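Please look at the structure below and follow the explanation through its sheets, its helices and the surroundings of its ligand.

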Amino acid sequence: MNARAQVASFEEWRDAARSFIAAGMAPHEIDWSEEGQEPGLFAGDEGVQDQHAQPGVLQVSRELFGLLQQAASFRAADRWAFLYRVLWRWSHGDRIVLSHADEDGMRLQMMAKAVHREAHRMHAFLRFRERPVDAGDPRFVAWYEPEHDVLQDAAEHFSKRMGRATWLIATPQGNASWDGAQLHYGPPGNARAEPDDIGEALWLAYYRSTFNPARLNTDAMEMHMPVRYWKNLPESRLIPDLVSKAGAGAQRVAQAREVGRRDGAVIAIEAADAQPKRDEPTSLDQCRRCELWERATQGVPGSGPEDAPIMLVGEQPGDQEDLAGQAFIGPAGKLLDDVFAQAGLQRDTVYLTNAVKHFRWEPRGKRRLHKTPDQRHINACNYWLEQEIAGIGPRVVVALGATALKSLMHTSKVTLTSMLGKPLQHEGRWIVTTYHPSYVLRVPDEQLRAAAFADMVRALQTAQRLAAGEAVEPT
Ligand code: URA
């Protein structure tokens with residue numbers, strides 16, 4: 001003979017189920033229904049109390065209890081019968097009933113998970129609307145259509161977050177309300193009023209302003225906020241318009257992502273050429289065309305008469321020049337003075353500068369050791385050298401060493417040795433190439449040093465003749 005049980009909540013099911021288990025009633029012997037109007041009503045040919053039920057005897061694990069409790073909120077016609085079958089099997093030692101590998105276990109886990117997700121969505125997608133102040137309590141109302149019975153969970157959630165402000169959440173299955181101190185539950189009523197409110201206008205303005213078309217991903221959006229929730233979200237009114245306005249942008253983003261995935265051909269392009277055009281710095285102090293400024297004391301400009309017929313271009317400021325802000329004042333400058341003297345040239349009649357304006361160095365103990373600039377430093381700084389050449393307009397430019405030569409010829413391919421003793425006309429002026437004074441200082445072989453010094457003297461003499469308009473034979 002079958003028993004019939006009508007329950008309306010997990011607590012009622014739990015009490016009834018305990019009694020049935022205690023009475024040894026198998027799942028097929030009970031008709032569960034939730035249509036009963038009287039909570040906790042048990043009815044049947046054999047009432048459980050008549051069967052000497054012993055409520056409270058059954059002890060279940062915490063895991064099982066949690067799963068049963070959560071799954072009880074899953075809307076399914078057979079939920080109570082199903083939960084009882086799980087409980088029955090478990091109470092008879094069939095522990096696999098909690099496993100995903102078991103058909104009932106898998107369904108139980110799925111139900112619990114779906115309820116958990118729905119509760120989370122209700123927290124996220126429920127929107128309260130403020131009612132006019134003179135409308136009395138509740139001050140805020142919300143309408144929501146949950147997929148499972150998660151109203152109680154949501155009500156408890158909001159009761160902890162809304163302080164003493166009164167509210168009511170209406171759903172097709174029933175209402176929950178908060179009077180500022182306590183929660184109340186009631187049957188569905190006529191609570192679906194949708195007054196416009198200031199808070200909503202603010203929320204819409206905020207939503208519109210934070211909507212980022214470049215990050216629009218409608219699939220992800222629908223996954224996190226399924227379309228069925230949209231009708232009760234005030235911002236959902238904005239979404240179609242915002243999405244359509246973002247259409248072109250979204251397409252571009254999608255294309256970019258697609259293009260990024262392809263292997264593609266490698267395009268040979270200098271990093272510097274790929275840079276967007278920026279405003280040029282107006283002074284060396286502002287120069288960020290390469291990174292050398294970061295470690296240098298200052299940019300060192302050239303110096304000399306504004307109409308000097310001869311310009312000497314070195315490599316880059318050394319340690320002393322970096323500190324003083326003036327070119328060729330250290331050891332290399334001293335050697336250069338000797339060369340000037342031998343060549344019969346007054347230093348103060350020439351313009352002295354460098355291809356690179358910031359000191360490149362690396363630490364060595366307490367010393368800053370000169371480091372040769374790379375071609376990219378030379379290229380970046382050529383901007384300044386070209387300005388100096390254009391401003392002074394020398395007839396002859398003397399390249400002191402390879403760095404100066406590369407900058408003046410705008411190429412890294414040119415070599416110093418190939419240009420020694422061979423003045424050349426370039427961009428409307430003479431270029432004379434010789435050694436850098438630091439090379440002369442460094443070279444250990446005395447003969448080589450003397451030869452290099454002699455070449456420098458010769459170069460300055462050549463420069464003077466060329467500046468005077470005399471013809472010069474290559475040496
Ligand atoms: N070496 C250079 O090339 N320039 C200077 O100013 C000093 C040393």
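A residue is taken as near a molecule when one of its heavy atoms lies within 4 Å of that molecule. In this predicted model, the residues that surround the ligand in that sense are G314, E315, Q316, P317, G318, E321, A327, F328, A332, N354 and H436. Sorted by class, this shell comprises four nonpolar, five polar and two charged residues.

Which polar atoms does the ligand approach within this shell? An oxygen atom of the ligand is placed 2.7 Å from a polar backbone atom of E315, while a nitrogen atom of the ligand is found 3.0 Å from a polar backbone atom of Q316. With N354 the partner belongs to the side chain, where an N or O atom is 2.7 Å from a nitrogen atom of the ligand. Taken alone, the ligand would expose 230 Å², and the protein buries 94% of that area.

We turn next to the sheets. One of them is an open sheet of five strands with mixed pairing, whose order is 10-9-13-15-14. Its edges are formed by strand 10 (351–354) and strand 14 (424–426), and because each of these has a single partner strand, one side of each is left without a neighbour in the sheet. Averaged over the sheet, and with direction ignored, neighbouring strands are turned by 30 degrees against each other.

Within this sheet, strand 9 (residues 310–314) and strand 13 (residues 396–400) run parallel and are joined by four bridges; in this pairing M311 stands opposite V397 of strand 13. Helix 13 (residues 375–392) packs on the sheet, where it touches strand 9, strand 10 and strand 15 (429–434), and its direction makes about 165 degrees with that of strand 10. Helix 14 (residues 402–409), in turn, lies across strand 9, strand 13, strand 14 and strand 15, and runs at about 135 degrees to strand 13.

A further open sheet of five strands, again with mixed pairing, has the order 4-5-6-7-8. Here strand 4 (129–130) and strand 8 (183–186) stand at the edges, and since each has a single partner strand, one side of each is left without a neighbour in the sheet. Inside this order, strand 6 (residues 167–171) and strand 7 (residues 174–178) run antiparallel and are connected by five bridges, with W167 standing opposite W178 of strand 7.

There remains the hairpin of strand 11 and strand 12. Strand 11 (residues 361–364) and strand 12 (residues 367–370) run antiparallel, with four bridges joining them, and P363 of this pairing stands opposite R368 in strand 12. Two residues lie between the strands of the hairpin, in which G365 takes a positive phi near 60 degrees.

Key
Residues numbered from 1 in each chain as written. Predicted model: local features only at pLDDT ≥ 70, side-chain atom pairs only at ≥ 80, totals over all residues. Heavy atoms only, no water. Pairing = 2+ DSSP bridges. Axes fitted to C-alpha atoms, helices over the stretch in contact; angles between N-to-C directions. Contact = heavy atoms within 4.5 Å. Polar contact = N/O pair within 3.5 Å; in protein donor to acceptor, adjacent residues only side chain to side chain. Areas by Shrake-Rupley, 256 points an atom, 1.4 Å probe, with all protein chains shown as cover. Nonpolar A, V, L, I, M, F, W, Y, C, P; charged D, E, K, R; others polar.
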